[in-house]
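Student: I have a model open and do not know how to read it. Could you take me through some of its features, one at a time?

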Amino acid sequence: MPDGNAARADRAATAPADGATDSVDWMRIERSEDFRELTARRNRFIAAASAVTFTAFGVYLVLAVFAHGLMGTLVLGGVPLAWLLAMSQVFLTWAVTWAYLRKADRDFAPLEQRIADQATARFTRDGDSDRDRVAADGARAEARTTVAATNERSAR
Amino acid sequence: MTLVLAAGVKTLPLAIFAVVLAGTLVITYWAAKRTSSATEFWAAGRSVTGLQNGWAIAGDYMSASSFLGFAGLVFLFGVDAYVSLMAALVAFLPVLLFLAERMRNSGKYTLADVLSFRLRERPARMAAAVGTLAVVLVYLVAQMVGAGVLIQALIGISFTPAVILVGAFMLLYVIFGGMLATTWVQIIKAGLLMTAGVVLTVMVLAKFGFSPGQLFTRAASEHESKEGFLGGGLQFDTKLGMLSFGIAFVLGTAGLPHILMRFFTVPNAKAARGSVGWAVFLIGAFYLMVMIVGVGARAILGKAGEEATGKGGNLAIPNLADALGGQVFLAVISAVALATILAVVAGLVISASGAVAHDVWSNVVRKGREANEREEVWVAKIAAASIGGLAILLAIAGGSGFNVSALVGLAFCIAASANFPALVLALFWPRFNTAGAVTGIVTGVLVSALLIVLSPPVWPGADTVTGSPLGSLALENPAIYCIPIGFIAAIVGTLLGHEHTERTYHELFVRSQTGIGAEGVSDRFTRKPRARRGAAVATQVLPK
């Protein structure tokens, strides 16, 4: 990230055009198919990932608290099971993190982008009225450029 | 300086530490020239990359207690200490899965930004500022006391000047260099810490022919309780206490304001989640090394070395370094340990300055109207100086007698039972409202403080469990009670309040999930600071 550019872009962003926020229909986005798909898929992943890691950590915690004899068993040339189980927590945490990042980049990010693209095109009040159509087209084109610029930035 | 350099100063560690300090000053000078606006001050201009932020989170998170403290606990208690280490790492999964991207998508500088999105701005910001300041102040005092004790032991400067020295550098970084300087101090410290970890691990393993089996056998034979060292049961008085300790870490991390603030320094949500990925990798790798190094300290220093490692085993690593590599290596490791503290306290102070200047001053005192950025940054610097100064005074007043681990426990308890419930409920519960946030945060802070005061290590004149009025229910770390109480208070407060915020819930939900209108990402739909509430009702667009 070139340091100067981001800072300048950010300063520009702190002074939005009046009414920019209010022109988005959030409920409509929330009901849209893309959005529902995004949250459903992300929630499914998060539920599965949480279940796996917290069950594994819970089992480890319960064993560490209650099963001292078992944890002290020497395995694989004299190392205690407690050490291997603790290390497995690290590897599991790494694996889940990696899986989420991969999933987010491949599946969630494109959906987010599509929803953001359509936010200007379909869900603003600009798009509602015929007499605003020209203005809306302009806004849409502008939004596309912005989104493209954002894409470019996040790609880096 | 002559006063500071009184009797017993160890020149070699001091010289190496001075080199590290000089390096951080150069960074601060460089950063100061690039820091003037509020975004630059608190969020480093949102120019930090995911990789850099990952290192900085690792540097922000791994305090001296991660390095010296955890290794010391492994030295003293064996595998029991692994539980705290793993809890501290697993804690990043809730941050990754629930908070990192959503914070970046919906906030600006502080966690109050996320709350005030849906709730009445002034009470919500006040409550969030209370939660942030409570965590920061307690954690800061703990770190300062720890720093004073360590510097005294490692360099020989006595407690009070040592605390002032650490405090002065912390304030220099924050006031002049803002978040950019803080970030780079954290990155460099994380680099030093990882290097020290690798070197120590390799040296320990080499001593035992790279055979972990030999290492563990030798270590266990040097402990009074061979079975306990390898199997557990030594560190905690009660099983409930051990569970509670683990839970405090797992949920407390997700409510630490100085960690959450780091997500505002990156350009977008992708970088935010990527930075957690790097942080998890680095912290996990470091904890793997701490597990080995702690056992190595037991194997090499042995029973005979227990006396010299001090209370809590904090000096196990320095003594191990001395045994492995002599005076020079000891000096290097000491300097790394001290750099570790500086990076953490700087991160804490800058998050507190955000709570005071951005939340309280600009949005509560100035009501978001007259405040301008220049003023906000000035107030932030004054706030940083005041909070830092207060922490220095408290640390000196309490002296080395302050129970550091009780203070750290308190900080994590408050984070887990005040900040964490409010954030989670704001992001995921449509019914949540201002009354709930305020009651939840205030209750979380008070209950944590009360239960810590009643806890066995703090309650006066009673080191035994039965000494506390709570009897055998008193825990060293009461998180297992505080967290449910914090959540219940927030939920009950919400249901008693009549305010409904479902409308803004939908906006926050969509924004946090998609990143539409996130600060500094796209200039379309950036949230207007004022007049949101009335407008939100008007937004209910007619069906097409």
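Student: Is B:Thr24 buried or exposed?

Tutor: Bear in mind that this is a predicted model. To decide on burial, compare the relative accessible area with a cut-off: a residue under 20% counts as buried. B:Thr24 has a relative accessible area of 7%, so B:Thr24 is buried. You will find B:Thr24 in helix α1 of chain B, which covers residues 11-32.

Student: Which residues does B:Thr24 touch, not counting residues up to four places away in sequence?

Tutor: Those residues are B:Tyr173 and B:Val185. With B:Tyr173 there is also a polar contact of 2.7 Å between the side chains.

Student: Where is B:His258, and is B:His258 buried or exposed?

Tutor: B:His258 sits in helix α13 of chain B, residues 257-260. Its relative accessible area is 2%, so B:His258 is buried.

Student: With which residues is B:His258 in contact, leaving aside its neighbours within four places in sequence?

Tutor: The list is B:Asp60, B:Tyr139, B:Gly347, B:Leu348 and B:Ser351. B:Asp60 is worth following up, being one of the buried residues of α3(B).

Student: What should helix α3 of chain B span, and how far apart are its end C-alpha atoms?

Tutor: The check is to work out an expected span from the number of residues and compare the distance between the ends. Helix α3 of chain B has 12 residues, 50-61, and at 1.5 Å a residue should span 16 Å. Its end C-alpha atoms are 16 Å apart, so the two values agree.

Student: How many residues of α3(B) are buried?

Tutor: The count is 9 of its 12 residues, so this helix is mostly covered. Besides B:Asp60, the buried residues include B:Gly50, B:Asn53, B:Ile57 and B:Tyr61.

Student: How many salt bridges are there over all chains?

Tutor: To recognise one, look for a side-chain nitrogen of Lys or Arg within 4 Å of a carboxyl oxygen of Asp or Glu. A search of the whole structure finds 15. One of them joins A:Asp34 and A:Arg114, with 2.8 Å from N to O. A:Asp34 belongs to helix α3 of chain A (residues 33-66) and A:Arg114 to helix α5 of chain A (residues 81-122), so the pair ties together parts 80 residues apart in sequence.

Student: Are A:Asp34 and A:Arg114 buried or exposed?

Tutor: The partners fall in separate classes. A:Asp34 is buried, at 12% relative accessible area, whereas A:Arg114 is partly exposed, at 42%.

Student: What about chain B: how far apart are the closest N and O atoms of B:Arg125 and B:Asp359?

Tutor: They are 2.6 Å apart, and the two residues form a salt bridge. B:Arg125 lies in helix α8 of chain B (residues 121-154) and B:Asp359 in helix α15 of chain B (residues 316-365), so this pair ties together parts 234 residues apart in sequence. Both residues are buried. Another salt bridge joins the side chains of B:Arg218 and B:Glu222, at 3.5 Å from N to O. B:Arg218 is partly exposed, at 39% relative accessibility.

Student: Which residues are linked in a network of salt bridges?

Tutor: The network links A:Glu37, A:Arg41, A:Lys103 and A:Asp107.

Student: Which residues make a nonpolar surface patch?

Tutor: B:Leu12, B:Val328 and B:Val332 make one of about 230 Å². B:Val328 lies in helix α15 of chain B, and at 54% relative accessibility B:Val328 counts as exposed.

Student: How many helices and strands does each chain have?

Tutor: Chain A has 6 helices and 2 strands, in the order α-α-α-α-β-β-α-α along the sequence. Chain B has 21 helices and 0 strands.

Student: What share of the residues in each chain is buried?

Tutor: In chain A, buried residues make up 42% of the 156 residues. In chain B, 65% of the 544 residues count as buried.

Student: What surface does each chain expose?

Tutor: Chain A exposes about 7800 Å², with carbon and sulfur atoms supplying 58% of it. For chain B, the exposed area is about 17400 Å², and carbon and sulfur atoms supply 69% of it.

Key
Residues are numbered from 1 along each chain as its sequence is written. Chains are lettered from A and ligands numbered from 1 in the order in which they are written. This is a predicted model: local features need pLDDT of at least 70, side-chain atom pairs count only at pLDDT 80 or more; totals for chains, interfaces and linings use all residues. Side-chain values use heavy atoms; hydrogens and water are left out. Helices (H or I, at least four residues) and strands (E, at least two) are DSSP runs, numbered from the N terminus. Buried means under 20% relative accessible area, exposed over 50%, partly exposed in between (1.4 Å probe, protein chains only). Contact means heavy atoms within 4.5 Å. The expected span of a helix is 1.5 Å times one less than its number of residues. Patches are made of residues with over 30% relative accessible area and no salt bridge: like charges are joined within 9 Å, nonpolar side chains (Val, Leu, Ile, Met, Phe, Trp, Tyr) within 5 Å. Accessible areas come from the Shrake-Rupley method with a 1.4 Å probe; for residues, only the protein chains shown count as cover. A polar contact is a pair of N or O atoms within 3.5 Å; within protein, one must be able to donate a hydrogen and the other to accept it, and residues adjacent in sequence count only if both atoms are side-chain atoms.
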